[in-house]
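Reader: Got a minute for this one? I'd like to go through some of its helices and a loop.
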Amino acid sequence: MKILWTDDEIDLLRPYLIFLEEKGYEVFPANNGQDAIDLCRQHNFDIIFLDENMPGLSGLETLAQIKAINSAIPVVMITKSEEENIMDMAIGSKIADYLIKPVNPNQILLTLKKHIHKKEIISEQNTTNYRQEFNQISMQINSCGNAADWIAVYKRLLFWELELNASDNELKDLLQMQKTEANTAFAKFVKRNYQEWFESNADENRPMMSPDFFKRKVFPLLDKGEKVFVIVIDNFRYDQWLEIKTMLNDYFVFSEEDAYFSILPTATQYARNAIFSGLMPLQIQQMFPKLWVDEDEEEGKNLYEEALLQTQIDRFRRHDTFSYHKINNSQSGEKLIERLPQLLNNSFNVCVLNFIDMLSHAKTDSKMMRELVQDESAYRSLTSSWFHHSSTRDLFRSLAAHKVKVVLTTDHGTIRVNNAIKVVGDRNTNVNLRYKVGKNLSYNKKEVFEITQPARVGLPNLNVSSTYIFATGNDFFAYPNNHNHYVSYYRNTFQHGGISLEEMIIPSVIMEAKE
């Protein structure tokens, strides 16, 4: 590790330099700004300690030229002065840290650990902590008895997935094994309980699910007189929420950050229509047949969300006024922001953002996207980049400026699939890779979650003998015809429609503007 220490009284600091050399660092001394700049042209330093008050080039002037040579190098300013304007100028010039003279060896070591060894220290500590928690998480997985338990397990696994992002592959493999274990147990939990959740009409007999979202999360806010803006990000996983949350911290406090269950199939046609209608798909088909589009129809499956939301308001005998917007590109997002002052005259407003869904499908269809998005970490990173540079971030910033309460959710998540299981269906069978519905399906019952009586779980029958089957874990359905090509094409793509923690456990967040 190379350190440059620049101070016009460098000879007086000789004990510090010897101390650092004994710790294994290679220290280059300089007693003026110009020498420091020349040394920066000759060497790649890991960190620079720079005196603020020097004759000739000042510390700030030297800093500017060093940054022009290497903008990434961390510079620690050392000063005798605690004047606020000097600190402001130094921080504005992007120093990594500053120390007030006289400094002591422990301060120097702490600074080095913070700016040179931080990732290494964090990685080592995370490795130790996760290994200690591994058995506890396994026991938690095995003892899950209800939906709340599974939400807690999923959040804990995601915490470690994000923490171990930069760790060694061996540890990531261990975590992936534990996620697979969790998804296997979760699928068994859903298989045991899903039908039971719908055998009674009482909502309290099941966990909060897609049809409950407006009734439980939005309407209570409206009843308190809040101005509410509902944002539904299509195909948005809980880990992607955690990724963009850090960028929203500047504008919002999160008064509620929870999760709930998407219904099956975890697909837009079913789950998002259930959110807007407050009904299960079978109920939509029976009560509002003109607003339901069957699997075998070519018409768009999510064209009636605004009308479905109105039916829910009417059914609860509410008198809320609302607007509905579907955002597919930056231009439509910018237009929505321009209209905000007028829209806030409504009781609430709804915005559906489709980018993440388009990203997921692009990962399947585009060779370039396949290269870019190799794993969950890359998927989160691309989500973060989209949010940072899109009009969506501007929308959130504008909502915060207008002091609007924002309720954020999604219809379902998505999972990276890699294990093909065979299924045979007739020409009318739907094309989704995570669930199939048809009357002549052939499959291994042990490999799927099978529903032979769809009406018992709120799903419509395409015909008298319709059966739904759902893939679990990271499985996906493949036809025997041209099997190898099909499997190769879809392996490691992100799909939805089936049963997994990633698809079914989805965010529900209420946020309000910071004062």
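Author: Sure. This is a predicted model. Take α10 and α17: D239, Q240, E243, I244, M247 and L248 in α10 are in contact with Y379, R380, T383, S384, F387 and H388 in α17.

Reader: How do the residues of that contact divide into nonpolar, polar and charged?
Author: Five are nonpolar, four polar and three charged.

Reader: And at what angle do the axes of α10 and α17 cross?
Author: Roughly 35°. The axes come within 9 Å. Helix α10 covers residues 238–248, and α17 covers 376–389.

Reader: Left-handed or right-handed, α10 past α17?
Author: The crossing is right-handed.

Reader: Switching to α9. Which residues are buried there?
Author: In α9, residues 213–223, the buried ones are F213, F214, K217, V218, F219, L221 and L222.

Reader: Where do the buried residues of α9 fall, seen down the axis?
Author: Within an arc of 165°, so they line one face of the helix.

Reader: What comes just after α9?
Author: G225, with a positive phi of about 85°.

Reader: Now I95. Where is its place?
Author: I95 sits in the loop between α4 (84–92) and β5 (97–100).

Reader: Why does I95 count as buried?
Author: Because its relative accessibility is 13%, and the cut-off for buried is under 20%.

Reader: How far apart are the C-alpha atoms of I95 and V76?
Author: They are separated by 6.1 Å. Along the chain, I95 and V76 are 19 residues apart.

Key:
Residues are numbered from 1 along each chain as its sequence is written. This is a predicted model: local features need pLDDT of at least 70, side-chain atom pairs count only at pLDDT 80 or more; totals for chains, interfaces and linings use all residues. Side-chain values use heavy atoms; hydrogens and water are left out. Axes are lines fitted to C-alpha atoms, for helices over the stretch in contact, and angles run from 0 to 180 degrees between N-to-C directions. Helices (H or I, at least four residues) and strands (E, at least two) are DSSP runs, numbered from the N terminus. A crossing is left-handed if the near helix is turned anticlockwise from the far one by less than a right angle, and right-handed if clockwise. Contact means heavy atoms within 4.5 Å. Ala, Val, Leu, Ile, Met, Phe, Trp, Tyr, Cys and Pro count as nonpolar, Asp, Glu, Lys and Arg as charged, and the others, Gly among them, as polar. Buried means under 20% relative accessible area, exposed over 50%, partly exposed in between (1.4 Å probe, protein chains only). The arc is that of the directions from the helix axis to the C-beta atoms.
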